[in-house]
Amino acid sequence: MIEIEDALTVVLTTHVLPSAPSTRFIEGTISSIRGNFKNISDCEFVIYCDSNVKNKNYEMYMHNLKKINDVTIVDVPHEGFPYSGLQNNYINSIQNSLTPFVFCCEHDWLFLREIDTPKLINCMFDNEFINFVRFNKRDNARAHINNPEPGDADFWETYVEPESRLLKQPLMKTDCIATHPHIIRRNKFVHDWLPLVDSSSIEVSLYKTYKHEIEQNGFHKTQNKWGVFNYGSKNDTQII
């Protein structure tokens with residue numbers, strides 16, 4: 001059994017928001033994570049801030065971020081918008097993490113129910129075929145295409161099914177990889193997935209490659225290679 005603090009780093013990505021210099025959004029997300037993920041306060045929390053130094057609120061926003069308790073701040077400064085974006089923060093945060101797993105979350109998500117984090121992390125540690133566990137914004141019973149929200153037009157997820165190899169920690173196989181809050185296996189991303197990322201975006205690059213391989217080789221063979229899952233059983237409700 002691996003201790004959670006030795007296995008998981010919690011990474012939050014942000015930038016100088018319109019609400020800056022207030023940090024209420026990211027503080028709300030941190031509070032939601034700590035309140036819903038069992039024992040996760042034992043883990044290191046790191047905020048990667050993609051900072052436009054020309055923004056009038058930059059210095060005060062960074063000052064206020066550094067006042068948040070028990071969080072390490074990594075400032076990634078630049079001038080103007082062209083170099084801004086989630087992609088560099090996401091890549092750097094995973095590459096720089098010293099733990100085998102990284103919990104990746106943007107600054108404005110809230111979690112709706114409790115997650116047994118040690119159970120999940122030990123399941124991922126014991127089963128190397130699990131590389132990516134996403135926390136679903138929909139109920140698990142049906143894929144997004146069969147469970148749309150009003151106004152939805154793009155349906156990345158078209159198929160889900162329970163993973164039968166796991167007895168203690170239910171997970172759902174999925175044909176969708178997206179950067180909603182998730183836990184990722186660091187080495188899988190760095191060695192296998194990072195070379196697939198182009199200049200568009202991380203999730204678009206990975207999604208297109210994953211879908212292409214499914215079309216070429218079938219869902220089960222490709223999913224087994226990639227190891228992409230939704231958290232929980234078929235009967236579980238949305239988490240974010």
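**Exercise 1.** Is Glu213 buried or exposed? Classify the residue, then describe its ionic contact.

*Solution.* The model is predicted, and the values below are computed from it.
Step 1: the relative accessibility of Glu213 is 16%. Buried means under 20%, so Glu213 counts as buried.
Step 2: the side chain of Glu213 forms a salt bridge with that of Lys225, at 3.1 Å from N to O.
Step 3: Glu213 belongs to helix α7 and Lys225 to helix α8, so the contact ties together parts 12 residues apart in sequence.
Step 4: Lys225 has 48% relative accessibility and therefore counts as partly exposed.

**Exercise 2.** Describe the salt bridge between Asp192 and Lys188, including the place of both residues.

*Solution.* Step 1: the closest N and O atoms of the two residues are 2.9 Å apart.
Step 2: both residues sit in helix α6, with a spacing of 4 residues, about one turn of the helix.
Step 3: Asp192 is partly exposed at 39% relative accessibility, whereas Lys188 is buried at 15%.

**Exercise 3.** Which parts of the chain does the salt bridge between Lys211 and Asp175 link?

*Solution.* Step 1: the side chains meet at 2.7 Å, N to O.
Step 2: Lys211 is in helix α7 (residues 202-217), and Asp175 is in the loop between β7 (171-174) and β8 (182-185); the two are 36 residues apart.
Step 3: both Lys211 and Asp175 are buried.
Step 4: for context, the structure holds 8 salt bridges. A network of salt bridges links Glu161, Glu163, Arg165 and Lys173.

**Exercise 4.** Characterise the aromatic pair of Trp193 and Trp226.

*Solution.* Step 1: a pair of aromatic rings is described by the distance of the centres and the angle of the planes.
Step 2: the structure holds 14 aromatic pairs. For Trp193 and Trp226, the centres are 5.2 Å apart and the planes differ by 25°. Planes under 30 degrees apart count as stacked, so this pair is stacked.
Step 3: Trp193 lies in helix α6 (residues 186-193) and Trp226 in helix α8 (residues 219-226), so the pair ties together parts 33 residues apart in sequence.
Step 4: both Trp193 and Trp226 are buried.
Step 5: ring pairs also join Phe37, Phe103, Phe111, Phe135 and Tyr231 into a cluster.

**Exercise 5.** How many residues of helix α5 are buried?

*Solution.* Step 1: helix α5 spans residues 117-126, and 7 of its 10 residues are buried.
Step 2: the buried residues are Thr117, Pro118, Leu120, Ile121, Asn122, Cys123 and Met124.
Step 3: helix α5 is thus mostly covered.

Technical notes:
Residues numbered from 1 in each chain as written. Predicted model: local features only at pLDDT ≥ 70, side-chain atom pairs only at ≥ 80, totals over all residues. Heavy atoms only, no water. Phe/Tyr/Trp six-rings, centres within 6.5 Å; stacked < 30°, edge-to-face > 60°. Buried < 20%, exposed > 50% of the residue type's maximum accessible area, 1.4 Å probe, protein only. Salt bridge = Lys/Arg side-chain N within 4 Å of Asp/Glu carboxyl O.
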